[in-house]
Amino acid sequence: MKIKSQKDFFSGLMFMGVGVAFAVGATNYSVGNGARMGPGYFPLILGILLAILGTAITFYATVVESADGDKIGKWAWKQLFFILASNFAFGVLLAGLPSFGVPAMGLIVAIYALVFIASLAGESFNAKEVFILATILAVGSYVAFVWALKLQFPVWPSFISG
Amino acid sequence: MELFDNLATGFGVAFTFQNLIYCLIGCILGTLIGVLPGIGPVATIAMLLPATYALPPVAALIMLAGIYYGAQYGGSTTAILVNLPGESSSVVTVIDGYQMARKGRAGPALAAAGLGSFFAGCVGTLILAAFAPPLTEVAFKFGPAEYFSLMVLGLIGAVVLASGSLLKAVAMIVLGLLLGLVGTDVNSGVARYSFDIPELTDGINFVVIAMGVFGYGEIIANLSKPEDDREVFTAKVQGLFPTKEDFKRMIPAVLRGTALGAALGILPGGGALLAAFAAYTIEKKTKLQPGEVPFGKGNIRGVAAPESANNAGAQTSFIPLLTLGIPPNAVMALMVGAMTIHNIQPGPQVMTSNPELFWGLIASMWLGNAMLIILNLPLIGMWIKLLTVPYRWLFPSIVLFCAVGVYGTNNNTFDVWLVGIFGFIGYVFHKLGTEPAPLLLGFILGPMMEENLRRALLLSRGDWSVFVTRPISAGLLAAAVLLLIIVLLPAVSKKREEAFVED
């Protein structure tokens, strides 16, 4: 057996795994029968269907020739890490983590953190430029979301605003 | 005539000062974001959705419609000037549009796209207004079996037109359906797949999936590609207006494109995309007049026809959404989500229970189109400036908008964690070459499909044959099967591949 399309092979495996997981999960709920569908009925059918589709995709990936092996290629770990880290930092700083005793720092601090961390994912990083960008975005967000749209955000750190 | 009475109601709603302003803001914001390379209408709408939360429902939908058109116009601007299709339906516009721009005729190309789209938008709005009431009548005759079959047809239609592997697209739909089931089952009250997390018992917020997969996922994918030198035609846009000769060639192309787009847009699935492709193919098949530039070298018909078709299709794709409550594509799926946020259940009852919203939305579609043409042609210089904004400033801003938007939806940090996870999933999808749009469609339709399946089987006492013994349902399923067979036929599948390789 030789993998002829790497992308298809692994996406097939992914669908298979997820399908099986959903189908197994569905058996925890009452399945019922056609006339009286339980909460597990539809997800069970879909899970099995997804697993079958995944198997078919994996199978074709070992049979059907593709032009260049359809390689998945290198993973962009650095970009992935910084973008997701900036997102999580934003969440933690904005509202804090009450269960871990982390205080909320508010929108403005969170924006600076997000812009700085996200910018590290780019090819070049210029601290001064990023600072200006973050300031523009912080002011803009305050005006747009807090002042104009009146969305409810913690704006300043909780120990200042109380 | 009833049609005009209804339209009058609609314009009465749309022409209030407040709604005009929201329509205008929507158009401007939509164009602003849509012009940015690499951000399609789905990401634009998802990103700007939180801006409409605080508005009354009619105003919010009018603004969203404005955002949608703005994003579409913005996308064609990027396609013509940067050779970068912002969305799949402007893929064909790139071919001749960019060539025109290279020859210094970017102005006429943009004007052709704008004027063609405007005309198509007007026709599409009229068709929508004329066809919505009779179709709504039909929709009231639909039982759960018919609805279920219709959704099957819609989902099959959506994947048939998607590029890439059919099996993978179907698998993505099923995955979307499954994700849509997360949360409390309405019938039994059982919390499914919630892992005892209280936030998950309400289900996954669709904004989270849209932003994670389309926003974060795309950004990470874009960043991992080395920055290429894009040629942007900033200085060369002059002489905006097409010549008399251009007009003579454009008009029949616009008419053909509009007719084709309006017809194909009603079909479930990516009607606008198919319409653009079909319109371009037809123009290519017609004979060149003496002295005309060949296709692929900057023929104005190659811009006008697909852009008109695209816009007419975008307009008529509202028909299945407004009459049947079934979104035909990912953008409409987002509109369903937006409606639900404002407590409107899309479907045939909207027109009778909420006529102001219904006709106001339709009237504002026309207004949106008119505003865009007024806005876009004079302001083109400003939009072009936006194209030169470097990506290193752009992507942190997009991440910020996504994060703020996700948090603002429910004021809940759990959604922020979830959007990060979906960002990772979106990047995995990108790496594995699976298209995410069908997933979003499946996600929105998941609960609806389950409910209709449950009701249909309850009425038939568990007999699955109900789907083929009821004539309308059988017809819809037959159409779905037919679609699949046609696409899987060796001759057609080869053609299909060619059509998508051509870009």
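**Chain A, its partner chain B, and a helix of chain B**

In this predicted model, 40% of the 162 residues of chain A count as buried. The secondary structure of chain A amounts to 6 helices and 2 strands, and these elements follow one another along the sequence in the pattern α-β-β-α-α-α-α-α. The radius of gyration of chain A is 24 Å, whereas the globule rule gives 15 Å for 162 residues, so the chain is more spread out than a compact globule. When the extent of chain A is taken along the principal axes, its C-alpha atoms fill a box of roughly 60 × 50 × 30 Å.

Chain A is divided into two domains, with domain 1 covering residues 6-63 and domain 2 covering residues 77-161; the C-alpha centres of domain 1 and domain 2 of chain A lie 39 Å apart. Among the contacts in chain A that link residues at least 6 apart in sequence, 67% join residues at least 24 apart. A single residue of chain A may be considered in more detail. A:I160 has its place in helix α6 of chain A, which comprises residues 158-161. This residue is exposed, because 9 other C-beta atoms lie within 10 Å, and a residue counts as exposed if that number is 12 or fewer. Between A:I160 and A:L137, which are 23 residues apart along the chain, the C-alpha atoms are separated by 22 Å.

Chain A also meets chain B, and in this interface 57 residues of chain A are in contact with 55 residues of chain B. On the side of chain B that touches chain A, the elements that give two or more residues are α8 (166-180), α9 (206-224), α17 (391-410), α18 (413-431) and α19 (437-459) of chain B. Of these, α17(B) gives the most, with 11 residues. The residues of this side of chain B divide into 34 nonpolar, 12 polar and 9 charged.

Within chain B, helix α2 is formed by residues 17-35. At 1.5 Å a residue, the 19 residues of helix α2 of chain B should span 27 Å, and because its end C-alpha atoms are 27 Å apart, the expected span and the span in the model agree. The buried residues of α2(B) include B:N19, B:Y22, B:C23 and B:G26, and also among them are B:I33, B:G34 and B:V35. The buried residues of this helix pack against four helices of chain B, namely α1 (2-14), α3 (41-48), α4 (57-82) and α16 (355-387).

Note on methods: Residues are numbered from 1 along each chain as its sequence is written. Chains are lettered from A and ligands numbered from 1 in the order in which they are written. This is a predicted model: local features need pLDDT of at least 70, side-chain atom pairs count only at pLDDT 80 or more; totals for chains, interfaces and linings use all residues. A residue is buried if 20 or more other C-beta atoms lie within 10 Å of its own, exposed if 12 or fewer, and partly exposed in between; C-beta atoms are placed from the backbone. Domain bounds come from an automatic or database domain assignment. Two residues are in contact if their C-beta atoms, placed from the backbone, lie within 7 Å. Ala, Val, Leu, Ile, Met, Phe, Trp, Tyr, Cys and Pro count as nonpolar, Asp, Glu, Lys and Arg as charged, and the others, Gly among them, as polar. The radius of gyration is taken over C-alpha atoms; the globule rule is 2.2 Å times the number of residues to the power 0.38. The expected span of a helix is 1.5 Å times one less than its number of residues.
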